[in-house]
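Please read the sequence alongside the three-dimensional structure as the paragraphs below move from a helix to a ligand, then to a pocket and to some points of backbone geometry.

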Amino acid sequence: MKEDQVVLEEPGFQDEEGFLFQDIDLLQKHGINVADIKKLKSVGICTIKGIQMTTRRALCNVKGLSEAKVDKIKEAANKLIEPGFLTAFEYSEKRKMVFHITTGSQEFDKLLGGGIESMAITEAFGEFRTGKTQLSHTLCVTAQLPGAGGYSGGKIIFIDTENTFRPDRLRDIADRFNVDHDAVLDNVLYARAYTSEHQMELLDYVAAKFHEEAGIFKLLIIDSIMALFRVDFSGRGELAERQQKLAQMLSRLQKISEEYNVAVFVTNQMTADPGATMTFQADPKKPIGGHILAHASTTRISLRKGRGELRIAKIYDSPEMPENEATFAITAGGIGDAKE
Ligand code: ATP
Ligand code: MG
């Protein structure tokens, strides 16, 4: 038997929560050769769904894939996957796989309907020292712990764009939850991104990793999503290009979250709104990223400072939660409830 004709026994992958995806290697059965499958994997497309989620044009941009080949690949993928319609009942069954990761604060969780949700992008924005990075660190630990609704816990990928990730903080937070330091640190894969392009490239690796250890990874954190875009694109002249690149990244994140049933948590900064003085807005600051980010985030949380270690979270935009507020505290053990 030739190497490129490996017989596939596993039709797909099923994790303990019943999540299923079809491996891209299945294309071999429909006449696509291993070399071409490898090319797809090199750009982070590892599942049949991943092909469905990628436009023909984008596939043609993959090095070594001709238009004819792309057509063949699309055709083969369509044989393996339903065109996309589900009944609302089937969809609700699928939604049952959605899990929530606790923030460490019950009040905050309540605000979010249980915590940070999978198959979605959650964005937390606020001024400096409002707890965005502390929340990111806390989630690195809580995502590993079994939780409500049969959540089993899992691994995390952390993409750091501001060089503020601190393993020592994870140790402190691990102490609070009585879990072993080394085990906690072992379950967090960390990467520092240096440019917005690098940040995008890392997502190829993320997709590959989520695929390789399917069902094991539960959370992807990017702290912060916009910092490098702000540096790489300056001035009004480059705004359009920045927003286009940002849209591509967010679309990628959205797909990854659905494809592998993981939660995506991103932080964001704020900037003075030049139009605010004209409209007499009470809060003249707004999150950066414009409409592109506003529409891509499933749930947006605004954070602001309270007294001492207290912080206030507010639902800014959510498909199902009302615009409420919750007070939480930043403690040595990470995000927690405010003491009475
Ligand atoms: P930026 O926009 O600058 O990135 P941020 O929103 O990420 O800000 P964080 O770094 O999450 O802000 O929060 C900083 C706050 O966390 C500070 O007020 C600090 O007092 C608090 N903090 C940091 N470390 C600890 C700790 N070990 N114990 C208690 N509080 C801490
Ligand atoms: Mg920060």
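A residue is called buried when its relative accessible area is under 20%, exposed when it is over 50% and partly exposed in between, with a 1.4 Å probe and protein chains only. This is a predicted model, in which local features need pLDDT of at least 70 and side-chain atom pairs count only at pLDDT 80 or more, while totals for chains, interfaces and linings use all residues. Residues are numbered from 1 along each chain as its sequence is written, chains are lettered from A and ligands numbered from 1 in the order in which they are written, and side-chain values use heavy atoms, with hydrogens and water left out.

Helix H7 spans 132-142, where helices (H or I, at least four residues) and strands (E, at least two) are DSSP runs numbered from the N terminus. Its buried residues are Lys-132, Thr-133, Leu-135, Ser-136, His-137, Thr-138, Leu-139, Cys-140, Val-141 and Thr-142; because ten of the eleven residues of H7 are buried, the helix is largely enclosed by the rest of the structure. Thr-138, which has its place in this helix, is buried with a relative accessible area of 0%. A polar atom of the Thr-138 side chain lies 2.8 Å from the backbone oxygen of Gln-134, which is a polar contact (a pair of N or O atoms within 3.5 Å; within protein, one must be able to donate a hydrogen and the other to accept it, and residues adjacent in sequence count only if both atoms are side-chain atoms). Thr-138 and Gly-333 are 195 residues apart in sequence, yet their C-alpha atoms are 8.0 Å apart in space.

H7 also takes part in the surroundings of ligand 1, since it gives three residues, the largest share of the shell. Of the 14 residues around the ligand, those that come nearest are Arg-129, Lys-132, Thr-133, Gln-134 and Arg-311, a residue being near if one of its heavy atoms lies within 4 Å. An oxygen atom of ligand 1 is 2.7 Å from an N or O atom in the side chain of Thr-133, whereas Arg-129 contributes a backbone N or O atom at 2.9 Å from a ligand oxygen and Thr-130 contributes one at 3.2 Å. The protein covers 67% of the 650 Å² of accessible area that ligand 1 has on its own. By class, the shell has three nonpolar, five polar and six charged residues; Ala, Val, Leu, Ile, Met, Phe, Trp, Tyr, Cys and Pro count as nonpolar, Asp, Glu, Lys and Arg as charged, and the others, Gly among them, as polar.

The largest pocket has a volume of about 1,100 Å³. A pocket is an open set of points on a 1 Å grid over the protein atoms alone, where a 1.4 Å probe fits, with protein on both sides within 12 Å along at least five of seven lines, and lining residues have an atom within 4 Å of a point. Its volume is the space filled by probe spheres set on the points, which are joined across faces, edges and corners. Of the 33 lining residues, Thr-54, Ala-58, Met-200, Gln-248 and Arg-252 are the closest to the centre, and helix H12 gives the most to the lining, with eleven residues.

Turning to the backbone, a cis peptide bond joins Asp-223 and Ser-224, with omega about -5 degrees. Met-119, not a glycine, has a positive phi of about 60 degrees and is buried, with a relative accessible area of 10%.

Key. Accessible areas come from the Shrake-Rupley method with a 1.4 Å probe; for residues, only the protein chains shown count as cover.
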